[in-house]
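User: Could you take a close look at one part of this model for me, and then walk me through what lies around the rest of it?

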Amino acid sequence: MSSVKTLNANAEVMNRAAALFMNINAAKGLMDVMRSNYGPKGTIKMLVSGAGDIKLTKDGNVLLREMQIQNPTAVMIARAAVAQDDITGDGTTSIVLLIGELMKQAERFLSEGTHPRVLVEGFETARKATLEFLETFKQPLPTPPAAADADGTAPPAVDRETLRCVARTSLRTKLAEPLADQLTDIVTDSVLMVRRPNQPIDLFMVEIMHMRHKLDSDTRLVRGLVLDHGSRHPDMPKRLENCYILSCNISLEYEKSEVNSGFFYSSADQREKLVAAERAYTDERVHKIIELKKKICTEENGKSFVLINQKGIDPISLDALAKEGVIALRRAKKRNMERIQLACGGFCVNSVEELAEEALGHADEVYEHVLGEEKYTFVEGVKNPHSCTILIKGPSDHVIAQIKDAVRDGLRAVKNGIDDGGVIPGAGAFEVAAAHHLRTVTRKSLAGRAKLGLDAFAEALLGLAKALAENSGHDAQETIIKLQEEHERGNVVGLDVVTGEPMDPVTVGVYDNYIVKRQMLQSAPVLAGQLLLVDEVMRAGINMRKQ
Amino acid sequence: MPKEIVTLSFGSYASFVSAHYWNLQDEAAGYSGREGWSEYADCVDYDTLFSSSEGRNGAMTYRPRAAWFDLAGSSGGASHRAEAAAAAAAAAAAGGGVAAVPTWTGGVDVHRAAPVARSAFAATLEQHEALDWDTLDEAEAARQQAVLEEAARLLDPAAAAAAARRRTGGAGTSSAAAAGARHWTDFCKVLVSPRMVVSLPGSWSGPSEHSLAAGWGAAAGGLLGGGGGGGLQMVEEGVDVVRLLAEACDSLAGFQILVDDQTGFGGYAAAVLSEVVEDFPGRPRVLFSLRQPGAWAGAADVAGPGLPVSTAQMTARARDELSEALALCRMSELASLYIPLAAPAVQLSSALPYMSSYNPALPFHTSALLAAAVDSAMLPTRLTGRRTPLGESVGVSDLHSLIQLLRPAAAGLAALHLCLPCPSLPADLQQLQRQLDTRIRPPHDSTAVTAAAAAAVAAEAAMHPRGGGNRGTAAAASQPRLVRGESVYGSTAQLTGLEQLASLTPGISGRDDTALRGGGASRAESYCLRGARTDAGPASTASALEALDSLLRRRAHRMCVRHRCATPMPLALPLPFPDLFSPVVSLHGDIMLSCDDGGGGRGSGTKVTDAAAGGAGNGLPGSVSTRAAAGAASASAASAALTAVPVGPGGRAAGQGVASVGVLTRLQATSEFMGWVRGVQARWTRGAGAAAGRAVLDAWDVGRDDATEVSDRLHELVGKFAADDDGNHY
Ligand SMILES: Nc1ncnc2c1ncn2[C@@H]1O[C@H](COP(=O)(O)OP(=O)(O)OP(=O)(O)O)[C@@H](O)[C@H]1O
Ligand SMILES: [Mg+2]
């Protein structure tokens, strides 16, 4: 990271040439820091804090956040990467590399006397052409035959196999293969589970939970919820089966604090009465719930009753509920109320008047799990879950954090795949093909020096494939030539990172997201252009420094 | 009955205040296991602030119902991760070329930040935690205790620098130890659950030098989601931490919140609190707005008249002015009570006459003072009805009532005033006589220490270094042996009037004479008098209240709603509390007037005293965090060594701290705030109108509409006072 820190020049007073030089260096410097991360064979970065805490990351975005970047040019690039992550959830390393490569290629031409404006114009032409080419390169998701019972209540069928490949490709760039493969189905199925007809996919409905466990590392998909708290009464059952689930937002605690204050009452007697009245009010609500429970949980149906409340439940109320064999949880997360509804059915009840069997959800089992000082409650075995939980167990916080980041990326990749309705063959296939297209097709439509910018752009795209090759320990030049040759034979070719030979990413199932490539192609050349037209950049740079 | 209070601290200075605050709680809780002290200590309900849970082996663990929100790096060398040791080993292995990352098969690139050392105090505490005190012999126990005491002394930057000077013979004092405590974790002695320390992204180099230091809006881009990058996630995490704390409460009474709200932490805290307000309707929130000493409202202009002002200075001033207004408007909406706090900016001011070592430039000192004030002012909300030989606490209240009392009086604004140590109460001879007659022997009665008690205290303290009363170790024994009756009327400084209360709220003096000049008048007040003393030692709560009332009767102004609370438990000072006190302050907080009266030793003389060198047997559990290690108390006679110790007029040996003090605090809602808000308004108008100010607001994402809202809100606040004045509410 030192290469970034040392690029700490004072931008305000630089002349144009020096500023241009600084921009190029900053972009290349940032690229150098990130380059070794790129791809499934990149290096992982272990950041050790002053206190010895560890952060593991292979993610460009996380790394950028951890670095204290001060150089204004580097800050601008980092912002583009952050935007890339916000919009697509992936491709942050790629975008930093592409900007760095564009600047590096530009430097060559600039040193030969080319004016930046000429290059920038070439970039712009190439950008548009590449984006158009991207559309032709996109492979639509195969549409499986619609399920027989497709009546609009279920979301349209999608090709699970392609999505699995998308998930696996993403996970393998962040985690060792066995672990990535284990997570592939979990990630794919979670996204498919939370899909609902005619609604955007809400990834918040996939909760990622973790448990730190010295010996156990394992990740599993819970078809239901895991809450990070347990019941607060010693006599409540630790496990119930065949459960009605009542989710509600009703205060079951005695909370009228003013009753307690000594100031505002003329007599102790008056106060006592108010205390009793308030208590009765709370008890009444608890009894309404117990009444419902008694009515619907009969010996014959063998049903049991679980109460999950967003508000508080005080000890007296807990006591009453415990006597009835109810598991009651208080202060559940707001988002979990929504998730219970989607996982178990029923709806969140806001007042005792709404209490009815229709409001209740169902789960096969609800049980408590204790781990050290922490308690968890599992709500599992639900009929038609539109919300689920990915539970990560790992030996240490930093490993858990790394897996979590990877899972988030994987979820995002699958969602993008569905939203895009298609995928892009990966492993450098797109970059090689696009560069070829620019040189053989687009170039013909240009006259004069604008071709220079286009050449630089094509070379920069190849830079990504070269980084992939280098990080897997292969000679970049040689590998690229092999890929180009194979491509000229009319095949879609990517790099087999193990052998260094060309391979077909479609047969192997290495897919990237369309939207990731598109966002990268839209923003990277524009920013590179700004950095080259340095007057504008300086103004932007000063702006940034002010904050 | 609502009782639990959740404490949230947002900010790096807030972390300092909070760490001191929890040390005070831990210390007091530790006293409940000490011989002679338990009934006094039990006047306080520790469950209000601490949650307890039973571990697998039946041992109880106590954790503060508190969360810290601070920047990454602010915890220094302390790791809040449970498996830090293992992690460090993994890092070392990876550095050595061995693939130590189970989740990755490729290369590992290790980037290591320069290691940050933990304080000797924190390190010693941890070692002591692992020690089996039952098996140590007396000498070893005493030695261990001495090590901890020495480490604690080095936490105070002033003391550490002095010690370093002594060591090096006055030469360079650049050693790391001379810096004293740099991080809140260097001196925090309560065990904090890792989940409750939320570290926000940013860079940190000191409690007031960090990436959020540049005003209210400094978090606008990164933390609040404006610039992307997981900002909203941090807010969500904050809300979730609060929810977890609340889930552990059977009946949540409300929140007390410490915020550096003139910094970017203010903006972040506001985002979290607005959710909290929604999730916990009806739960009051007392908010202490922390400022640096010297950040007094209406502080002088940056440059003197006629001097040129640089752009940077203009911007800095604009930031301060705008932050003040933004924080006031936003926070006073979210809080039930908004209490601006700053420690006095001048040393040895009339405000703190008995704190000669107080250094306003040291956050370690100023935050300790604020923590003591907050602790005492809020004490009425967590008292029990426990009877003691000095009577039971009077004026026991709760959070809701306290706020109901103060809130309507001054638009939810309140000031905090402090007397620390609180001088002796004026007591008439008859009252003194009554006190002397009783057979009460409170443990903090300096004239009543018996050799056995002293030894027991010393022994017990040595056994439980984390717990209460370490300061009393050698101290108790060094007290001059006096017969109770020997105390002389007038030998200690007296509390002669309430103007002796120092203001900790910038710009609100709280003095009567201001009222006479038409500056303002108190409308509602809450007094807390704890561990009150007279010349004859600890006073009963009844006589304390009587004395306070007689002082109150002398206040000449219009009607005012008043709450008074008196409780026998003094403020017990933990080891890491800096020794701010003048030598005239005695072990238990008496302020000795003359050097050669019966109450103390001779000014610079040397007294031969018993210095207890640790005792045998098991002590009682020391503190909240170590209560679990309880053993039976069977203090046997201590082996006493005769040592020559120089004694100050307060009767303390050199280098020996004060163990406990009486404190008087006042929370005051006063119309003085009208002028105060007007000041904020004027500075806002000036700041927001200037070019530098506009640029600052732009950078903070405060648009024109928001700015108008702030102006309106300030106007509304001022209006509330004016309306009250007309209506003559009180
Ligand atoms: N099995 C594979 N073989 C070859 N190339 C692969 C394979 N899996 C992924 N890739 C390629 O690796 C690249 C992605 O690498 P990586 O995920 O490290 O970077 P990124 O997506 O740009 O940034 P980040 O994920 O850090 O935001 C893509 O171009 C993808 O095609
Ligand atoms: Mg990626």
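In which strand of chain A is the place of Asn242(A)?

Analyst: Happy to help. Asn242(A) sits in strand 7 of chain A, residues 239-248, where helices (H or I, at least four residues) and strands (E, at least two) are DSSP runs numbered from the N terminus. Its phi is near 55°, a positive value in a residue other than glycine.

A word on conventions: this is a predicted model, in which local features need pLDDT of at least 70 and side-chain atom pairs count only at pLDDT 80 or more, while totals for chains, interfaces and linings use all residues. Residues are numbered from 1 along each chain as its sequence is written, chains are lettered from A and ligands numbered from 1 in the order in which they are written, and side-chain values use heavy atoms, with hydrogens and water left out.

Another backbone detail is in chain B: Leu420(B) and Pro421(B) are joined by a cis peptide bond with omega of about -10°. Pro421(B) belongs to the loop between strand 12 (415-419) and helix 12 (429-437) of chain B.

Now to the interface. Chain B brings 66 residues to the contact and chain A brings 60 residues, contact meaning heavy atoms within 4.5 Å. About 5000 Å² is buried between the two chains, and carbon and sulfur atoms give 52% of that; buried area is the accessible area (1.4 Å probe) that two parts lose on being put together, summed over both. On the side of chain B, Thr103(B), Trp104(B) and Glu247(B) lose the most area to chain A, together 15% of what that side buries.

Between chain B and chain A there are 10 salt bridges, each a side-chain nitrogen of Lys or Arg within 4 Å of a carboxyl oxygen of Asp or Glu. Arg243(B) makes a salt bridge with Asp228(A), with the closest N and O atoms 3.1 Å apart. Among the elements of chain B that each supply at least two residues to the side touching chain A are helix 7 (231-247) and strand 5 (108-112).

That strand 5 of chain B runs parallel to strand 1 (residues 44-48) of chain A, and five bridges join them; strands pair if DSSP finds at least two bridges between them. Here Met46(A) stands opposite Val110(B).

Finally, the ligand. There are 23 residues around ligand 1, and Asp90(A), Thr92(A), Ser94(A), Lys174(A) and Asp512(A) come nearest, a residue being near if one of its heavy atoms lies within 4 Å. Polar backbone atoms face ligand oxygen atoms too: Gly39(A) at 2.9 Å, Gly91(A) at 3.2 Å and, through a backbone N or O atom, Ala427(A) at 2.8 Å.

Definitions and conventions:
Polar contact = N/O pair within 3.5 Å; in protein donor to acceptor, adjacent residues only side chain to side chain.
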